[in-house]
Amino acid sequence: MQLAKNLERLGTETAFEVLARAAALEREGKEIINLGIGQPDFKTPEHIVEAAIKALRDGHHGYTPANGILELREAVAADLHKRHGVDVDPECVVVVPGGKVTMFFAILMFGEAGAEIMYPDPGFPIYKSVIEYSGAKAVPIRLREENEYAFSAEEVLAGITPKTRLIIINSPANPTGGATPKSEMDKLVEGLQAHPDVMVLSDEIYSQMLYGGRSHTSMLQYESMRERTIMLDGWSKTYAMTGWRLGFAVWPKSIAGTATRLAINCHSCVNAPTQFAGIAALEGPQDQVREMVAAFDARRKVIVPALNQIPGFTCVDPGGAFYAFPNITGTGMSARALQDKLLTEAGVATVAGTSFGSYGEGYIRFSYANSVENIERAVEKIRELLRD
Ligand code: PLP
């Protein structure tokens, strides 16, 4: 057997490995508190589940258009109008099985040997993995604790070279919880006017999870960027639908068809009942989304001060998503060593900052998609362990 050479450059998402190790320890009878995995601990709201069941009962068993059923794409456009005040042509919307698929398609569309793609570091690990798989050079955009993990437009613009084809931004961000303010987005957009061939992949999957009065600025709101922006969003986080596999992107009109062609080559379409669930999610009541976000905010207010009391930890206030990303250099341990120690000795699953890029050394990610009680117990166990 001879595997293709480019597979040697394909990375992974370590959070899944942590999940597997935590599950193995649980099978051995150990109690594990999981603050490792990045998914809401809430159930998909009932009316969404019912819509999928009804779709199956109504006979929606077949293929759908590859870019998604029109009613769903229209619902996406209406939702974007409501949330961001933008007009989106449903023909620019491509529905895919999860946010990751948009990422994969966009990077493969622009990445090849000789090209450069910029990505956030620390950031979602799949960006770098797929950039390198495509043969392009992965150029990190360093996110800094002192900026509360917002990107610096000046630094992004300074990293552009004639080879740069795509810039990936993500706000609110995984793994840091950082939320980039509108002023920085404005600066980036202004600076990009001098680089008309550079595209932007704006990963806005956590756009509804912002705290402390912060509001979201979507790249779609910049008219001058419309033909250069791929805006990634989806249902996974907002509606607690990670396992359904449903996401979408708004593509520039000129390449929406190319994205659809990739979909036809890859998965044909998202399964039909899930698309009906997606319509129910967007058109139905939003109170459960608001309740979930309020619960995350309450947990954030518990976990951040608690982390700041662990010897060797300091934690800035995360503006969005459901992650805290404390600096752990005061413990004297590497991120990976601390991740392993917390899992095996305190029974708390977290993810080392280095799983999100080399600038993640000295940090560790806590997902606070868990109950206040579990968060308090986990932090107490860590405090005990590190006190010795
Ligand atoms: N983008 C970011 C920043 C994420 O954190 C995640 C999931 O963790 C995704 C995209 C992928 O979401 P999905 O599960 O819909 O593929």
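What volume does the largest pocket have? Here are a few points to help you find your way around this predicted model.

1. **The pocket itself.** The largest pocket has a volume of about 430 Å³. It is lined by 24 residues, and those closest to its centre are Glu-13, Gly-38, Lys-100, Phe-124 and Lys-237. If you want a starting place on screen, try selecting these five residues.

2. **What the lining is made of.** Sorted by class, the lining of the largest pocket holds 11 nonpolar residues, 7 polar ones and 6 charged ones. Two helices are worth colouring here: H1 (14-27) and H4 (99-110) each contribute at least two lining residues.

3. **Where the pocket sits.** Domain 1 covers 5-43 + 287-387 and domain 2 covers 62-283; because both give residues to the lining, the largest pocket lies between them.

4. **Helices H3 and H9.** Now for some helix pairs. Two packed helices are described by the angle between their axes and the distance between the axes. For H3 (residues 70-84) and H9 (residues 272-283), the axes come within 9 Å and cross at roughly 25°. Angles under 35 degrees count as roughly parallel, so H3 is roughly parallel to H9. The handedness of the H3 and H9 crossing is left-handed.

5. **Helices H4 and H8.** You have already met H4 in the pocket lining. The axis of H4 also comes within 10 Å of that of H8 (residues 253-266), with a crossing angle of roughly 115°. The two helices, H4 and H8, are therefore roughly perpendicular to each other. Here the crossing is right-handed.

6. **Two cis peptide bonds.** Next, some backbone details. Most residues other than glycine have a negative phi, and most peptide bonds are trans. With that in mind, look at the bond joining Asp-121 and Pro-122, which is cis with omega about 0°. Pro-122 belongs to the loop between strand S3 (116-121) and helix H5 (125-134). The bond from Asn-174 to Pro-175 is cis as well, with omega near 10°. Pro-175 is found in the loop between strand S5 (164-170) and helix H7 (182-192).

7. **A positive phi.** Which residue has a positive phi although it is not a glycine? Tyr-149 does, with a phi of about 65°. To find Tyr-149, follow the loop between strand S4 (137-142) and helix H6 (153-158).

Key:
Residues are numbered from 1 along each chain as its sequence is written. This is a predicted model: local features need pLDDT of at least 70, side-chain atom pairs count only at pLDDT 80 or more; totals for chains, interfaces and linings use all residues. Side-chain values use heavy atoms; hydrogens and water are left out. On a 1 Å grid over the protein atoms alone, a cavity is a set of points where a 1.4 Å probe fits but cannot get out, and a pocket is an open set with protein on both sides within 12 Å along at least five of seven lines; lining residues have an atom within 4 Å of a point. Grid points are joined across faces, edges and corners, and a volume is the space filled by probe spheres set on the points. Helices (H or I, at least four residues) and strands (E, at least two) are DSSP runs, numbered from the N terminus. Ala, Val, Leu, Ile, Met, Phe, Trp, Tyr, Cys and Pro count as nonpolar, Asp, Glu, Lys and Arg as charged, and the others, Gly among them, as polar. Domain bounds come from an automatic or database domain assignment. Axes are lines fitted to C-alpha atoms, for helices over the stretch in contact, and angles run from 0 to 180 degrees between N-to-C directions. Angles under 35 degrees count as roughly parallel, over 145 as roughly antiparallel, 65 to 115 as roughly perpendicular and the rest as oblique. A crossing is left-handed if the near helix is turned anticlockwise from the far one by less than a right angle, and right-handed if clockwise.
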